[in-house]
Amino acid sequence: MPALLLGPGIVLAQAQPHEAPPPLDGAEFARCLGQLRASADFKAIQPATFARYTDGLAPDPTVLPLLNRQPEFTLPPWDYLAMLVDDERVADGRAAMARWSKELQQIEQTTGVPAAVVAGVWGVESNFGQNLGGRPLVTSLATLSCFGRRQSYFRGEFAAALRILQEGHIAPDKLTGSWAGAFGQTQFMPSTFFRSAVDFDGDGRRDIVDSVPDALASTAKFLQNAGWRRGQPWGFEVRLPKGLDTSDAGRRNKLPIDAWRRLGVTLADGSPLPDTLPAAGLLLPARDWGAGPAFLVGRNFDALYSYNASENYALAIAQLSNLLGGQTQQVGFVTPWPTDDPGLSRAQNRELQTLLLQRGHDIGAADGLIGAKTREAIKAEQQRLGMKADGRAGQKLLGALRG
Ligand code: CA
């Protein structure tokens with residue numbers, strides 16, 4: 001989550017299989033750790049803690065190509081939403097909400113963040129606790145603190161990670177996550193942990209890895225800290241009158257809801273805008289592609305946005321939470337996206353990968369994640385079929401390979 005680098009709408013080149021990670025100098029690493037230990041960033045870390053987790057530690061050179069990778073291309077919003085909000089995630093989310101309904105209800109009462117929104121974040125961040133990331137945080141963050149760009153940022157995160165261990169919140173072997181240090185069911189960065197993590201189950205530890213109640217309450221606390229307003233929706237899909245000037249569109253350019261009414265904006269089904277949202281900005285996620293659904297979004301959408309600094313990401317949580325909260329029945333919006341080749345769900349991605357494997361492409365396992373090898377195989381098939389060879393996984397290609 002928070003924040004680093006690139007929003008989830010960006011597909012990252014994984015072309016770096018060719019790029020061997022740089023060899024890292026062990027002596028330089030040891031010198032750097034020695035300097036860090038004595039620096040102001042680490043003043044809250046006892047020498048024994050520092051030594052316990054860094055003595056004999058080897059740097060992990062594989063995080064550096066990930067730090068330096070460049071976006072390959074930007075996913076259109078419909079591809080992104082197809083993957084993040086599919087029937088599978090809705091079904092998993094309903095089961096997860098049923099299992100944790102008592103805790104979610106309590107959290108909703110104290111924070112004002114609806115159970116379906118907390119579950120929506122949980123589902124998009126870690127697939128309801130199923131994908132936490134397996135890289136040891138101390139190794140990744142120590143490496144990023146001593147090599148590569150943004151070292152000062154990562155030093156703060158490294159110090160916070162050691163403090164989490166020093167205070168005993170998370171078992172040392174459970175402190176694993178993404179290459180950049182996001183961890184746990186909520187994928188917090190270590191510094192976010194100290195701002196937003198909550199001990200909900202009352203055992204004295206804020207364990208967002210192994211305690212689902214702690215993780216759910218921490219997600220709600222994060223959104224509360226980000227300005228969540230009790231009783232307000234994130235926003236809604238709307239219908240715009242013909243000829244409306246949308247040059248000022250943007251989630252930050254909020255107008256009172258009455259001003260939008262006077263401009264002739266209605267809900268997507270044509271009914272009047274409700275009073276539940278005092279002010280809203282106009283979000284047009286597919287404007288660069290021509291048209292597509294339009295949304296009025298309020299302060300709570302901004303809170304979702306702050307989780308990962310991506311409007312497509314916030315929209316995925318918003319849509320998933322509507323589905324989990326029973327406010328809408330179908331995946332997708334009333335207004336179709338401006339494409340004749342919609343994106344694929346994870347189940348369809350797996351089917352596509354299985355078809356590619358059957359055609360002899362060496363793409364590893366059919367895991368539903370479209371990486372560099374799958375993209376290369378897609379390009380080869382697109383070329384063979386006389387389609388535009390852009391490496392994108394879409395319905396047309398899937399249909400053609402099904403034969
Ligand atoms: Ca706890």
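Helices here are DSSP runs of H or I with at least four residues, numbered from the N terminus. Just after one of them, H7, Asn127 takes a positive phi of about 50 degrees. The model is predicted. The domain assignment gives domain 1 (10-225), domain 2 (235-297) and domain 3 (346-402). A calcium ion is coordinated by side-chain and backbone oxygens, among them Asp199 (OD) and Arg205 (O).

**Domains**

- The assignment places domain 1 at 10-225, domain 2 at 235-297 and domain 3 at 346-402.
- Between the C-alpha centres of domain 1 and domain 2 the distance is 35 Å.

**Calcium site**

- The donors are Asp199 (OD), Asp201 (OD), Asp203 (OD), Arg205 (O) and Asp214, which is listed with OD twice.
- Their distances to the calcium ion run from 2.2 to 3.0 Å.
- Along the chain the donors follow the spacing D-x1-D-x1-D-x1-R-x8-D.
- Why is the arrangement irregular? The six donor atoms subtend angles of 47 to 161 degrees around the calcium ion, and this makes it so.
- An octahedral label would need opposite donors over 155 degrees apart and all other angles between 65 and 115. The range of 47 to 161 degrees makes this site irregular.
- Asp199 counts as partly exposed, because its relative accessibility is 26%.
- Asp203 also counts as partly exposed, at 43% relative accessibility.

**Helix H7**

- H7 covers residues 115-126, and its 12 residues should span 16 Å at 1.5 Å a residue. The end C-alpha atoms are 16 Å apart, which agrees.
- Because 12 of the 12 residues of H7 are buried, the helix is largely enclosed by the rest of the structure.
- The buried residues include Trp122, Glu125 and Ser126, along with Ala115, Val117 and Gly120.
- The cover over these buried residues includes helix H4 (77-84), helix H5 (87-99) and helix H6 (101-111). Helix H11 (212-225), H13 and H14 also belong to it.
- Asn127, with its positive phi of about 50 degrees, comes just after H7.
- Gln130 sits in the loop between H7 and strand E3 (135-136).
- Is Gln130 buried or exposed? Gln130 is exposed, with a relative accessible area of 52%.
- Gln130 and Pro293 are 163 residues apart along the chain, and their C-alpha atoms are separated by 31 Å.

**Positive phi in loops**

- Arg150 is not a glycine, yet its phi is positive, near 65 degrees.
- Arg150 belongs to the loop between helix H8 (137-146) and helix H9 (151-166).
- With 34% relative accessibility, Arg150 counts as partly exposed.
- Gln187, also not a glycine, has a positive phi of about 50 degrees.
- The loop holding Gln187 runs between strand E4 (176-177) and helix H10 (190-196).
- Gln187 counts as buried, because its relative accessibility is 8%.

**Helix H13 and the loop to H14**

- Asn300 is part of helix H13.
- Asn300 is buried, with a relative accessible area of 0%.
- Which backbone nitrogen does the side chain of Asn300 reach? The side chain reaches that of Arg229, at 2.7 Å.
- Beyond its neighbours within four places in sequence, Asn300 contacts Gly227, Trp228, Arg229, Gln232, Pro233 and Trp234.
- Ser310 lies in the loop between helix H13 (299-308) and helix H14 (311-324).
- At 8% relative accessibility, Ser310 counts as buried.
- A polar atom of the Ser310 side chain lies 3.4 Å from the backbone nitrogen of Asn312.
- The Ser310 side chain also reaches the backbone nitrogen of Tyr313, at 3.0 Å.

**Strand E9**

- Ala294 lies in strand E9, which covers residues 294-297.
- Ala294 counts as buried, because its relative accessibility is 5%.
- Not counting residues up to four places away in sequence, Ala294 touches Phe236, Glu237, Val238 and Leu240. Leu282, Leu283 and Leu284 are also among its contacts.
- Ala294 and Asp340 are 46 residues apart in sequence, and their C-alpha atoms are 18 Å apart in space.

How values were computed:
Residues numbered from 1 in each chain as written. Predicted model: local features only at pLDDT ≥ 70, side-chain atom pairs only at ≥ 80, totals over all residues. Heavy atoms only, no water. Donors = N, O, S within 2.8 Å, 3.2 Å for Na, K, Ca; no water. Tetrahedral: all angles 85-135°; square planar, octahedral: opposite > 155°, others 65-115°. Buried < 20%, exposed > 50% of the residue type's maximum accessible area, 1.4 Å probe, protein only. Helix = DSSP H or I, 4+ residues; strand = E, 2+ residues; numbered from the N terminus. Polar contact = N/O pair within 3.5 Å; in protein donor to acceptor, adjacent residues only side chain to side chain. Expected span 1.5 Å × (residues − 1). Contact = heavy atoms within 4.5 Å. Domains from an automatic or database assignment.
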